Amino acid sequence: MTSRDETIQLHETYLSKHKLPLFRQFGWEVVEGRREGVFFWDLDGKRYFDCHVCGGVYNLGHRNPKVIKAVSDALGHLDLGNHHLVSTERSALARKLVESAGETSSGERMGRVVFSSGGGEAMDFAFKMAKGYTGKSKILCLEGGYHGHTGLSMGAGDEKYTEAWNYKPEGFAKVSLEDLDQIEKFFDEDTAAVSLETIPATLGMNVIPRSTMQHIRKVTREHGILLILDEIQTGCGRSGRTWAFQHYDIMPDIFATGKGFSGGIYPIAATVYRDEMERVYEENPMIHFSTFGGSEIGCAAADVVIEHATDPDFLAHVNALSDYFRTAIKDLAERSNKVSGLRQVGMFQAIEFVDVATCISAVARLNTNGVFCVFSNNDRVCAQFMPPLIMTLDEAEELMGLVRQSVEEAEAQDLSSSSFFSTQTEARVLRANRAL
Ligand SMILES: Cc1ncc(COP(=O)(O)O)c(C=O)c1O
């Protein structure tokens with residue numbers, strides 16, 4: 001078997017030369033070996049609580065036995081399926097997905113689904129659909145947001161993601177978090193949609209207040225502008241509801257899911273949209289396909305995920321974990337002069353530090369102490385803290401012991417010699433909304 005050092009050398013030679021030196025600074029020089037439930041182990045046997053979960057991919061833990069069984073059963077008689085043909089698995093999953101969005105108090109529902117193989121592709125489809133359906137071209141997005149590195153979604157994210165590639169997809173305009181209360185000031189005749197992560201993850205898990213989100217929904221509707229919500233990190237039960245937008249009692253016109261939708265075993269993503277948008281296909285139903293999108297093996301994994309994410313007992317467990325961490329981290333913030341608060345909706349949560357240097361040091365200490373997590377890249381004052389949703393309360397207590405220890409050991413680092421911190425766009429440090 002290839003050793004840890006050999007693997008790292010192969011990575012530096014044949015994959016990325018520049019990532020590893022950066023990762024070393026944060027204690028992320030980890031080669032994943034065995035993985036099970038809430039843990040993974042480095043090739044040299046060191047155990048990590050996975051509190052990154054690849055942005056929600058491992059919401060159900062690593063190698064969840066129910067997902068493994070569903071995928072193994074599917075492998076016994078299915079393959080990817082043919083995207084030109086009608087599929088039992090895709091049809092049944094599309095229905096479950098639409099139904100999982102439920103209905104608002106004013107009776108709004110979703111209607112249809114397009115499957116993709118990843119989150120960026122699902123967001124690309126959302127933008128394409130918004131432009132095609134409205135006949136307009138401008139999408140208003142959040143400064144510092146993130147929707148993937150594929151074509152259109154790249155344009156919807158922070159500018160640093162497009163600048164380096166000398167590529168600027170047209171038609172994306174940015175507004176700041178502070179602008180959201182008067183988003184209508186940015187509307188014009190050519191505005192097709194407003195697009196947001198329901199809770200912006202890369203932008204520090206700043207929680208959009210309920211009144212702001214309801215205002216955005218109200219004015220977009222009044223102006224005939226669509227609302228697109230990216231639920232790729234926030235969805236599939238992570239927020240304590242099936243979809244985070246359900247906390248706001250609103251229905252978007254389009255939303256996307258990915259990451260955790262795969263059950264961590266087989267890639268699949270989806271864009272869900274209102275029924276009337278289907279008219280885009282009227283003249284030519286052959287204008288969109290995805291060969292791997294909605295593969296039948298992926299459908300088997302996603303079916304287990306939706307069953308969990310709509311199960312009241314599962315969601316009650318997520319909320320019990322959320323209560324536990326809220327109390328424990330608020331207590332830590334009161335006792336420590338390094339932690340300033342917790343940004344949290346359900347188990348979508350970030351620990352906020354007093355400054356960037358302390359946060360970076362704490363992330364490194366956490367990793368050294370066997371808690372894998374990352375800072376939010378566009379608001380580096382906070383560490384994303386996303387334990388798997390299947391964590392037991394005993395495991396949560398053990399984890400909190402390591403968090404307390406790591407915070408105690410953290411010491412503000414001098415970051416001025418780091419090219420990452422000196423050459424990248426200055427991290428935004430936001431005055432955060434911490435809860436709904
Ligand atoms: C909010 C959000 N949207 C979209 C994406 C893109 O998903 P993918 O990497 O599967 O293309 C990500 C990935 O991190 C994400 O966090």
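**Notes on the sheets, pockets and a few residues**

1. Let me start with a pairing: β5 and strand β7 (residues 191-197) run parallel to each other, joined over four bridges. Within that pair, Lys138 has Thr191 of β7 as its bridge partner. Bear in mind as you look that this is a predicted model.

2. On to the other partner of this strand. β5 is also joined to strand β6 (residues 172-175) by four bridges, and that pair runs parallel too. Here Ile139 is bridged to Phe172 in β6.

3. How many of the residues of strand β5 are buried? Five of the five in residues 138-142 are, so the strand is largely enclosed by the rest of the structure. The side chains split between two directions: Lys138, Leu140 and Leu142 point one way, while Ile139 and Cys141 point the other way, and all are buried. Lys138 is worth a click, as the residue that is buried here and bridged to Thr191.

4. Just past the strand comes Glu143, in the loop between β5 and α7 (151-156). Glu143 has a relative accessible area of 35%, so it counts as partly exposed. Measuring C-alpha to C-alpha on screen, you should find Glu143 and Ala156 8.7 Å apart in space, with their positions 13 residues apart in sequence.

5. Now the whole sheet. It is open and has seven strands, in the order β4-β10-β9-β8-β7-β5-β6, with mixed pairing. The edges are β4 and β6, each of which pairs on one side only. On average, neighbouring strands are turned by 20° against each other, direction ignored.

6. At the β4 end, the pairing with β10 is antiparallel, with five bridges. Arg112 finds its bridge partner in Tyr273 of β10. So much for the strands; two helices lie across this sheet. α5 lies across β4, β9 (254-257) and β10, running at about 120° to β4. Helix α9 (residues 210-222) lies across β7 and β8 (226-230), at about 145° to β8.

7. α5 and β4 turn up again at the second largest pocket, which has a volume of about 760 Å³. Its lining takes in 24 residues, and those nearest the centre are His83, Arg90, Val113, Val114 and Phe115. The elements giving two or more residues to this lining are α5 (88-100) and β4 (112-116). Which of them gives the most? That would be α5, with five residues.

8. As for enclosed space, there is one cavity of 30 Å³ or more. The largest cavity holds about 50 Å³. Its lining consists of Gly155, Gly157, Glu159, Thr162, Lys168, Pro169, Phe172 and Lys174. Phe172 is a familiar name by now: in β6, it is the bridge partner of Ile139.

9. There is a second sheet to look at. It is an open one of three strands in the order β11-β12-β14, with antiparallel pairing. β11 (339-345) and β14 (382-384) are the edge strands, each pairing on one side only. The twist averages 20° from one strand to the next. Six bridges join β11 to strand β12 (residues 348-353), with Leu342 bridged to Ile351 in β12. Helix α11 (residues 312-335) lies across β11 and β12, at about 165° to β11.

10. Gln384 deserves its own point. The residue sits in strand β14. Is Gln384 buried or exposed? Its relative accessibility is 9%, so it counts as buried. The side chain of Gln384 makes a polar contact with that of Ser376, at 2.9 Å. Leaving out residues up to four places away in sequence, Gln384 touches Cys51, Ala201, Thr202, Met205, Gln349, Ala350, Cys373, Val374, Phe375 and Ser376.

11. Last, a residue on the outside. Pro285 lies in the loop between β10 (269-273) and α10 (296-309). With 53% relative accessibility, Pro285 counts as exposed, because the cut-off for that label is over 50%. Pro285 and Gln349 are 64 residues apart in sequence, and C-alpha to C-alpha they are 41 Å apart in space. Gln349 is also one of the residues that Gln384 touches.

Technical notes. Residues are numbered from 1 along each chain as its sequence is written. This is a predicted model: local features need pLDDT of at least 70, side-chain atom pairs count only at pLDDT 80 or more; totals for chains, interfaces and linings use all residues. Side-chain values use heavy atoms; hydrogens and water are left out. Two strands pair if DSSP finds at least two bridges between them. Axes are lines fitted to C-alpha atoms, for helices over the stretch in contact, and angles run from 0 to 180 degrees between N-to-C directions. Contact means heavy atoms within 4.5 Å. Buried means under 20% relative accessible area, exposed over 50%, partly exposed in between (1.4 Å probe, protein chains only). A polar contact is a pair of N or O atoms within 3.5 Å; within protein, one must be able to donate a hydrogen and the other to accept it, and residues adjacent in sequence count only if both atoms are side-chain atoms. On a 1 Å grid over the protein atoms alone, a cavity is a set of points where a 1.4 Å probe fits but cannot get out, and a pocket is an open set with protein on both sides within 12 Å along at least five of seven lines; lining residues have an atom within 4 Å of a point. Grid points are joined across faces, edges and corners, and a volume is the space filled by probe spheres set on the points.
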